[in-house]
Every structure is written in C-alpha cells, then in structure tokens.
Amino acid sequence: MEFALNEEQRMFLNMFRDFAVKEIAPRAEDMDHEETLPPDMLQKAANQGFLGATLPETYFGAELDGVSYAMLIETLAGASMSVAVTIAAHVSLVAMSILEHGTEAHKEEWLMPMAAGEVLGGFALTEPDAGSDVMALQTRATLEGEEVVLDGVKTWVTNGGIAGLFLVFARGPEGVEAFLVPRDTPGLTVGYREPTLGLRSATFHTVYLEGCRVKLANRLGEAGGGSVVAQRAMDRMAVALAAAGLGVAADAVEVAAQFATERVQFGVPIAQKQAIQNYVAESFIEIEALRYLVYRTAWLIDQGGDASADVAVAKAFSARVARTVTNRMVQVMGGYGYMEDYPMARKYRDARTLGIVGGPTELQFVRVAQRIFAGRDVEIVP
Ligand SMILES: Cc1cc2nc3c(=O)[nH]c(=O)nc-3n(C[C@H](O)[C@H](O)[C@H](O)COP(=O)(O)OP(=O)(O)OC[C@H]3O[C@@H](n4cnc5c(N)ncnc54)[C@H](O)[C@@H]3O)c2cc1C
C-alpha cells in the first residue's frame, strides 16, 4: 500500500495550485457576485490541459490518472467551486463518456475541440419528473430511418449557458439511449437560467427538445445502453464532486484559521480561544479522513471494476464534511463569515449543493445499504 504521491503527481499538484492561486482566487468573489465565468479563464484552463484532463494525449488530453484528476478538481474547488463543477461536468460527464462509449468518429469529431476548450460539454439527464429516479425520464427518441427525433424537457443542465455539445438521454424503442446533440441543432433551445443558492458562476439551464433531429449515428453506446452511459458518467462525476467537497472544506479552514490569527477580541487573537481551536481541529480531522477516502476512490475507479458503493461512500461523506466544515468556519469568522464581501459565505453556499447534485445523499445511502445487505436475502431498492 502506497500513501505518498509520486513525483509526477506532486508536480501536477504544484501546477494546479499555481493556477488556482494566480488565475482563479483573485477573481472568485467578483465572478460570484456578477454570476459569470470569464471565457478567458476557461481558455487558460484549457491551455493548461484541464479541459482534457483525463483524455489521452491522442486527443490533446493531459492523460491524468484518477488521483491527479481528483487533486485538480479539489484544488480548483478550493478557489472556486463553480469553476471546479464547470470543468468536472465537461470532463467527467461528457468528454469521458465519449471516450468510453463513443465510436472512433465521435472521438475524432469532439474530443480534440473539447480538450482545447473550443467546445464545452453539458449533460442533459434530469427532467421535471425524473430527478433521483432518473430512469423515469420521459424525453422521447423516435426513430425515423437513419435519424432520431428528440422531444422533451431537461432541467438544471450544468454548463447550459456555455456548452456547445449536449449529451441527451431519451427513451427510445429499446430503452434509455444517449445522444450527442450539438447546441446549434434545430429543435434544441437553451431556456431559463436557474438562479441558485450557490455555484453562481456556473450556469444551470433548462434545455428544450422539440422535434430535434439528429443522426442515429450520434447515439453513444449500444441501442438501449443509455442507462449504462449515465451510470458510469455519474460515478465519475460523484468522485469529482467528492474531490470538490474536499477542496472547498480544506480551503475554508485555511481562510478561517488565518482570520482567527488576525481577529483580536478580549485582547488576544481568537485563535487562542479553545472553542475556535476545536472548530478548526475537528474540521481538520474530518478533512484528512475525507482526503484519503477521495484519493482511494479515485484510484479504485482507475483500476476498473464496480466501485459504485465506494463512490457513494465518498460522495456522501464529502457532502457532509463540506457542509459541516463550511458551517463551522462561518462561525469562526463570526459576522465576517456571514458577509458576502468575504469568501466564507460563498463557500458555505457552494458546499450545500453537494448533498443534492450528482445524486442526493439519501440515494448514496441506498447504494451503500445495497452493498451491506448483499447476499442477506433482502432486496434493497431506492
Ligand atoms: C446545482 C445542480 C446542478 C445539476 N446539474 C445537473 C446536470 O448537469 N445534469 C443533469 O441531468 N442533472 C443535474 N442536476 C440534477 C441533479 O442530479 C438532481 O437534482 C438530483 O439527481 C436529485 O433530483 P431532484 O433534485 O429532482 O430531487 P428528488 O429526486 O425530487 O428528491 C427530493 C428528496 O427526496 C429524496 N428521495 C428521492 N427518492 C428517494 C428514495 N428512493 N429514498 C430516499 N430518499 C429519496 C432525495 O434524496 C431528496 O432529498 C443538478 C442539480 C443541481 C442542484
């Protein structure tokens, strides 16, 4: 068993930190208040190889291993969870789905532009009546010769405002199917941008499909194989989101600890008060436990095989740690933690999403319970 990062991983980590500190952190507050993610920042991220982070070099990818990719998302999330989620949705949900399930033609057409940041990906699975129960989706895929016509409504599509390519899930004659739908396809309309509690620099849109016609060749994976495409993508995304939770929690402690050394009350820095030390120490312990869980899960995914329960453990624990830690760090900073001119309020709002996005915690518990009760003659269903 090896716990240390190798030399390459350490080098990557330094590079990620450099980018987060220089390019994101100074702009994160303004971006959040203005609810924008500047295109030049994404382009710089692409130039660093982040938008093709886990793609092979053949497609201009950076070919990061799972642990390095987790560290990338963790580090970006420390500076801005919006940036981390935007990039993770693009890489983990869309680009990697094309790599894993796409034909050579799909890969040739999309992966290089995606790695270069010319085309961003959006994942359109959730619908008004299909949330946790994703397979209840009602969007229809009607076969017409060599074409497919898509009709339905998709909600809360991350990157909806900026994506050039959507991975759309619909019910076809043989079950759930996944289709690559370029943004400019007639019949696809990007609608309402959802205002959100946190992640305000990322965009979440409704996407309407009305008589949206694509070639059958745009289907990703087998006929009726969409649920496999969706599940694999959501597993990858769950690890990335767990890494984002680690990043936001760890940075919250850094910020609050610094504040506690500078804020003087009753004649001493509040860091000298045991209540404050306990908040920070307890948080640090949880973060360290989460760190090894996230890296181990990322490593497990790299090994192949079914890691769905492990993924669920990491996602659920990360959601809890990120929420609890950012909540405590707001407390450490007192009124300054609550004011929007300081970064803690943003971190607290951003962290809250982790118990919902990418599959809510309650559903992660179901997957863990399925593993625990496996072979005990009890059927565990959501
Ligand atoms: C910020 C954000 C970004 C998102 N981005 C995308 C995206 O890019 N693409 C996409 O397709 N979707 C996206 N989603 C949708 C997201 O994946 C869903 O919100 C999530 O799957 C849960 O669905 P729901 O919100 O409809 O909740 P519901 O399914 O309605 O659940 C409501 C509550 O009931 C609980 N519940 C439901 N079923 C059970 C059960 N069987 N047992 C116990 N409890 C249960 C849930 O855990 C939750 O607490 C995004 C959501 C958010 C918040």
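A polar contact is a pair of N or O atoms within 3.5 Å. By that criterion, a backbone N or O atom of Trp156 is in contact with a nitrogen atom of the ligand, at 2.9 Å. The model is a predicted one, and the distances below are computed from it.

Two further pairs can be followed around the ligand. Phe123 also takes part through its backbone: one of its N or O atoms lies 2.7 Å from a ligand nitrogen atom. Ser132 takes part through its side chain, with a polar atom 2.6 Å from an oxygen atom of the ligand. With the protein in place, 68% of the 970 Å² of accessible area that the ligand has on its own is covered. The ligand takes up the space of the largest pocket.

The shell itself comes next. It holds 17 residues, and those that come nearest to the ligand are Phe123, Thr126, Ser132, Thr158 and Glu362. In character, the shell residues divide into ten nonpolar, six polar and one charged.

The shell can also be traced back to the fold. Strand β3 (147-158) and helix α11 (361-373) each supply at least two of the shell residues. The most come from β3, which gives three. In terms of domains, domain 2 (121-225) and domain 3 (227-372) each contribute at least three residues to the shell around the ligand.

Notes: Residues numbered from 1 in each chain as written. Predicted model: local features only at pLDDT ≥ 70, side-chain atom pairs only at ≥ 80, totals over all residues. Heavy atoms only, no water. Near = heavy atom within 4 Å. Polar contact = N/O pair within 3.5 Å; in protein donor to acceptor, adjacent residues only side chain to side chain. Areas by Shrake-Rupley, 256 points an atom, 1.4 Å probe, with all protein chains shown as cover. 1 Å grid on protein atoms, 1.4 Å probe; cavity = no way out; pocket = protein on both sides within 12 Å on 5 of 7 lines; lining within 4 Å. Sits in = over half its atoms within 2 Å of the grid points. Helix = DSSP H or I, 4+ residues; strand = E, 2+ residues; numbered from the N terminus. Nonpolar A, V, L, I, M, F, W, Y, C, P; charged D, E, K, R; others polar. Domains from an automatic or database assignment.
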